[in-house]
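Subject: Structure for you to look over

Hello,

Here is the structure I said I would pass on, with my notes on it underneath. Please read them with the model open.

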Amino acid sequence: MREIAFDPLDPAQRADPFPVYAEARRDAPVFYAAAFDLWVVTRHEDVLAVLKDDETFSSRNALRSSPREPLPEVREVLAQGWPRMPIIVDSDPPLHGRIRRPITKAFTPRRVAELQPRIEAIARELLDGFAADGEADVVERFAWPLPLRVMGELIGVPQQDLHWLHERSRDWLSLYGATGSVEGQIAAAEGTVELQRYFVAAMEERAREPRDDLMSALLTAVAEEDDPISIVELAGVPLDLLVAGHVTVTRAIGSALVLLLRRPDALEELRTDFDLVAPAIEEILRLESPAQGLFREATRDVELGGLLLPKGARLMVHFGSANRDEAVFADADRYDPRRADVGKHVAFGKGIHFCIGAPLARLELSIALPLLLERLPNLRRAGDGPLAYDPIFFARGLSSLQLAWDV
Ligand code: HEM
């Protein structure tokens with residue numbers, strides 16, 4: 001089998017992973033990456049086949065990039081919380097439906113639409129904090145806090161808790177990578193248990209005294225179920241939403257800015273033509289895919305891309321590669337907000353795990369990008385050093401982005 005030099009943590013590949021995936025799509029569309037014990041699925045057609053067959057491809061460990069189980073010391077700490085607190089993204093049916101139904105009922109299009117004025121107000125407030133400076137790290141000052149605060153307001157957590165929640169979310173996410181020192185992993189497990197305790201307590205509080213927030217709406221929705229999940233199981237939902245709802249949008253904002261800065265004509269076009277905002281966002285999500293790929297496990301021997309994968313094989317379904325597949329997207333590496341085929345992108349996944357937050361993500365981006373371009377004229381990079389991409393196996397985005405503009 002043709003070997004593909006796949007290493008999403010290698011700095012050069014973090015900066016530009018796409019040639020490696022193009023090579024794989026051409027020569028080895030499903031390939032085995034021994035270093036990670038992963039079968040990487042790179043073609044659009046195969047990615048869809050996996051996403052649509054949730055019986056053959058289980059989502060258990062959908063976020064786990066490491067083949068290693070957590071260390072015994074880490075498991076000991078996790079046992080002090082709720083090691084079995086389910087997370088929707090790595091649940092399979094029927095549990096998946098028991099979690100997803102109440103979310104769909106509580107997280108309605110109306111609730112998303114009601115957030116619009118708040119997203120605008122938060123975005124303006126953040127910009128007011130640094131627009132006059134002429135230079136800032138826009139990831140730190142805008143791309144992180146905007147979606148974090150929006151998620152906080154949606155879920156119903158006080159603003160003063162957000163920084164702490166953001167740090168604990170990092171702990172929670174880092175456990176899935178199972179990398180770093182033993183001490184670091186133990187500290188991340190402790191943070192994860194604290195995060196679980198926080199949301200279990202918040203849910204119990206709302207069970208006693210409902211409020212006008214998503215956590216209370218989830219409790220109401222779950223009570224209408226025939227076979228409702230428990231309050232502890234439900235506490236995994238705001239936790240998951242908080243993480244899924246901010247780390248992704250942050251990355252989308254940073255990646256969008258870099259993409260536009262490299263194409264001044266596209267930036268200018270977007271600044272002046274509001275009708276282009278929605279299709280441009282889809283095209284940016286297609287090209288940059290903030291969630292580059294997630295994981296599945298084969299529940300039986302199965303053929304995929306001409307190979308026979310054994311039962312138990314771990315797969316990475318590569319949304320980022322599928323989104324640049326020439327078999328589906330003409331001139332796939334080219335940014336073209338007017339392309340007719342953009343609707344086929346899988347940046348939000350497909351099938352039963354399709355992103356619940358897609359409408360909110362689109363709304364946030366459609367407010368954030370025009371506002372940034374309006375308030376920060378003649379936007380440009382400050383300095384010409386390499387871009388700082390986050391060392392996260394399955395995500396694509398910047399950890400910082402120093403920009404300058406005219407004041
Ligand atoms: C640009 C931003 C976003 C991107 C690129 C993105 C991407 C994705 C992808 C690819 C999946 C599918 C996972 C899989 O198949 O295993 C997913 C699922 C999910 N997303 Fe998003 N997402 C974004 C924003 C959000 C937001 C804002 C929220 C919350 C408000 C959210 C909540 C979720 C949840 C809860 C799931 C799991 C659904 C399930 O398992 O049934 N996402 N997202």
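In the lining of the second largest cavity, α15 gives the most, with three residues. This is a predicted model, and that applies to everything below. The full lining of the second largest cavity is Ala 252, Ala 256, Ile 281, Ile 284, Leu 285, Leu 365 and Leu 369. Two or more of these residues come from each of α13, α15 (277–288) and α17. By class the lining holds seven nonpolar residues, with no polar and no charged ones. The volume of the second largest cavity is about 30 Å³.

How many cavities of 30 Å³ or more does a search of the whole structure find? There are two. The largest cavity encloses about 120 Å³. Its lining consists of 14 residues, and Pro 8, Arg 14, Pro 17, Gln 292 and Ala 395 are the ones nearest the centre. The class split for the largest cavity is seven nonpolar, four polar and three charged.

Next, the ligand. The iron atom of the ligand has Cys 355 as its only protein donor, through SG at 2.3 Å. Cys 355 sits in the loop between α16 (319–322) and α17. Around the ligand there are 26 residues, and those that come nearest are His 96, Arg 100, Arg 296, His 353 and Cys 355.

Which residues place an N or O atom by an oxygen atom of the ligand? Three are listed here:

- His 353: a side-chain N or O atom is 2.6 Å from a ligand oxygen.
- Arg 296: a polar side-chain atom is 2.8 Å from a ligand oxygen.
- Ile 352: here a backbone N or O atom is involved, at 3.5 Å from a ligand oxygen.

The elements that contribute two or more residues to the shell around the ligand are α5 (95–106), α13 (231–261), β5 (294–298) and α17 (358–375). Of the elements in the shell, α13 contributes the most, with five residues. The shell around the ligand is made up of 18 nonpolar, six polar and two charged residues. α13 and α17 thus turn up both here and in the lining of the second largest cavity.

The second largest pocket is also worth a look. Its space comes to about 780 Å³. It is lined by 26 residues, and Arg 64, Pro 83, Arg 84, Met 85 and Tyr 176 lie nearest its centre. Each of α4 (72–78), α10 (162–177), α11 (182–208) and α13 supplies at least two residues of this lining. By class, the lining of the second largest pocket has 14 nonpolar, four polar and eight charged residues.

Now the sheets. One is an open sheet of five strands with mixed pairing, in the order β1-β2-β8-β5-β3. Its edge strands are β1 and β3 (57–58), each of which pairs on one side only. β5 of this sheet is also one of the elements that give two or more residues to the shell around the ligand.

At the β1 end, strand β1 (residues 30–33) and strand β2 (residues 38–41) run antiparallel and are joined by four bridges. Tyr 32 is opposite Trp 39 in β2, and Ala 33 is opposite Leu 38 in β2. The two strands form a hairpin with four residues between them. Which residue in the turn has a positive phi? Asp 37 does, at about 50°.

There is also an open sheet of three strands, in the order β4-β12-β9, with antiparallel pairing. The edge strands there are β4 (135–137) and β9 (380–381), each pairing on one side only. β9 pairs with strand β12 (residues 402–404) in the antiparallel sense, over two bridges. In that pairing, Arg 381 has Leu 403 in β12 as its bridge partner.

Regards

Conventions: Residues are numbered from 1 along each chain as its sequence is written. This is a predicted model: local features need pLDDT of at least 70, side-chain atom pairs count only at pLDDT 80 or more; totals for chains, interfaces and linings use all residues. Side-chain values use heavy atoms; hydrogens and water are left out. A residue is near a molecule or strand if one of its heavy atoms lies within 4 Å of it. A polar contact is a pair of N or O atoms within 3.5 Å; within protein, one must be able to donate a hydrogen and the other to accept it, and residues adjacent in sequence count only if both atoms are side-chain atoms. Ala, Val, Leu, Ile, Met, Phe, Trp, Tyr, Cys and Pro count as nonpolar, Asp, Glu, Lys and Arg as charged, and the others, Gly among them, as polar. Two strands pair if DSSP finds at least two bridges between them. Donors are N, O and S atoms within 2.8 Å of the metal (3.2 Å for Na, K and Ca); water is not among the atoms, so sites may look incomplete. On a 1 Å grid over the protein atoms alone, a cavity is a set of points where a 1.4 Å probe fits but cannot get out, and a pocket is an open set with protein on both sides within 12 Å along at least five of seven lines; lining residues have an atom within 4 Å of a point. Grid points are joined across faces, edges and corners, and a volume is the space filled by probe spheres set on the points.
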